[in-house]
Amino acid sequence: MARRVILSIVVSTVVCAGLASAASAASPIRLYLNEGDAFRVLGHSCGGIQQESYARGFGTNGYPIGNVHLQTRCGGSGRGGGGHTTTYTGTASVVWTWFGETRSYGALKGPLVGISAQDSHGDKVYNVGNVAYLQTGTPPLRPPAPPTGVAASFSLYESGESEFLRMTVGWTVAPETAGLLKYSTATATPVNSNAPVLTTTVIPYFSSAALQPVQPGTKYRVTVTSTDSEGTSKPSTPIEITSPNTDAEPGGS
């Protein structure tokens with residue numbers, strides 16, 4: 001008997017395919033520090049943060065690197081709007097992904113001067129004035145590392161007049177790419193059983209997911225994957241957990 005697959009949230013695989021193929025597109029990608037991180041560097045944003053970006057080649061991990069200069073002007077509140085204006089500036093070094101996302105950032109390394117470069121995969125970084133660009137060839141896409149610390153437990157769940165077992169799965173994503181994740185997918189596969197495979201997908205804000213309905217008295221093998229623009233991780237190290245019988249108290253392991 002073929003197993004059925006239960007989906008809590010459907011995420012189109014077409015989206016992932018589109019993201020992966022985009023890395024091979026010829027259109028240049030403008031490089032800059034993402035807005036949230038730019039605010040963290042400056043601590044202020046008044047009408048937006050202006051950026052000057054300078055590509056400086058490729059880092060030891062292969063990704064595009066560069067420096068950015070940040071600036072925002074905040075006006076005071078004097079009579080007639082004539083208050084004092086304060087200009088806030090800051091700098092940072094940035095590592096970008098093959099999609100122009102900010103992979104990491106830190107203290108400035110080197111001058112605010114652009115350097116054009118090309119790697120062995122045909123990927124290029126270059127500068128036009130104070131704007132940095134990436135043009136990809138066949139970049140070495142690197143999916144995120146698998147989640148760790150996977151744990152699962154069972155509980156009874158009521159919906160209307162129905163009551164059934166639910167499995168809650170928790171995990172920890174790899175910190176290096178945590179800010180780049182698009183979604184995580186938890187899967188519970190029955191062992192030596194024709195019960196349905198349970199799977200659900202959640203956005204990165206969550207590090208847990210609920211799978212239902214669970215078949216009583218059934219052993220499940222549970223794994224979790226992480227997906228970002230560069231692909232989907234290998235499954236986490238599997239754990240096995242057996243659901244209670246209907247007359248037993250729910251629990252976990």
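Let me start with β10 and β11. These two strands run antiparallel and are joined by ten bridges. One position to look at is Ser 155, which stands opposite Arg 166 in β11. Keep in mind throughout that this is a predicted model.

The pair belongs to an open sheet of three strands, in the order β10-β11-β14, with antiparallel pairing. Which strands are at the edges? They are β10, residues 148–159, and β14, residues 208–214, and each of them pairs on one side only. From one strand to the next, the twist averages 25°.

Now to β15. This strand covers residues 219–228, and eight of its ten residues are buried, so I call the strand mostly covered, taking buried to mean under 20% relative accessible area. β15 has several partners, and I will go through them in turn.

With β12, the pairing is antiparallel and holds eight bridges. Here Ser 184 has Ser 226 in β15 as its bridge partner.

With β17, which is residues 239–242, β15 again runs antiparallel, and four bridges join the two. In this pairing, Arg 221 stands opposite Glu 240 of β17.

With β16, residues 231–232, there are two bridges, also in the antiparallel sense. Asp 228 is opposite Gly 231 in β16. β15 and β16 form a hairpin, and two residues lie between them.

Next, the salt bridges. How many are there? The count comes to five.

I begin with one inside a helix. Asp 37 forms a salt bridge with Arg 40, and their closest N and O atoms are 2.7 Å apart. Both residues lie in helix α2, residues 35–42, with a spacing of three residues, about one turn of the helix. Are these two buried or exposed? Asp 37 has a relative accessibility of 11%, and because the limit for buried is under 20%, Asp 37 counts as buried. Arg 40 is at 57%, and since exposed means over 50%, Arg 40 is exposed.

The next salt bridge is between Lys 182 and Glu 101, with the closest N and O atoms 3.3 Å apart. What does this pair tie together? Lys 182 is in the loop between β11, residues 162–172, and β12, residues 183–190, while Glu 101 is in the loop between β5, residues 85–96, and β6, residues 102–106, so the salt bridge ties together parts that are 81 residues apart in sequence. As for accessibility, Lys 182 is partly exposed, at 35%. Glu 101 has a relative accessibility of 18% and counts as buried.

Then there is Arg 103 with Glu 176, where the closest N and O atoms are 2.9 Å apart. This pair also links distant parts of the chain, with Arg 103 in strand β6, Glu 176 in the loop between β11 and β12, and 73 residues from one to the other. Arg 103 is buried, at 11% relative accessibility. Glu 176, at 53%, is exposed.

Finally, a network. Lys 219, Arg 221 and Glu 240 are joined into one network by salt bridges that share partners. That takes us back to the strands, where Arg 221 and Glu 240 of β17 stand opposite each other.

Key: Residues are numbered from 1 along each chain as its sequence is written. This is a predicted model: local features need pLDDT of at least 70, side-chain atom pairs count only at pLDDT 80 or more; totals for chains, interfaces and linings use all residues. Side-chain values use heavy atoms; hydrogens and water are left out. A salt bridge is a side-chain nitrogen of Lys or Arg within 4 Å of a carboxyl oxygen of Asp or Glu. Buried means under 20% relative accessible area, exposed over 50%, partly exposed in between (1.4 Å probe, protein chains only). Two strands pair if DSSP finds at least two bridges between them. Axes are lines fitted to C-alpha atoms, for helices over the stretch in contact, and angles run from 0 to 180 degrees between N-to-C directions.
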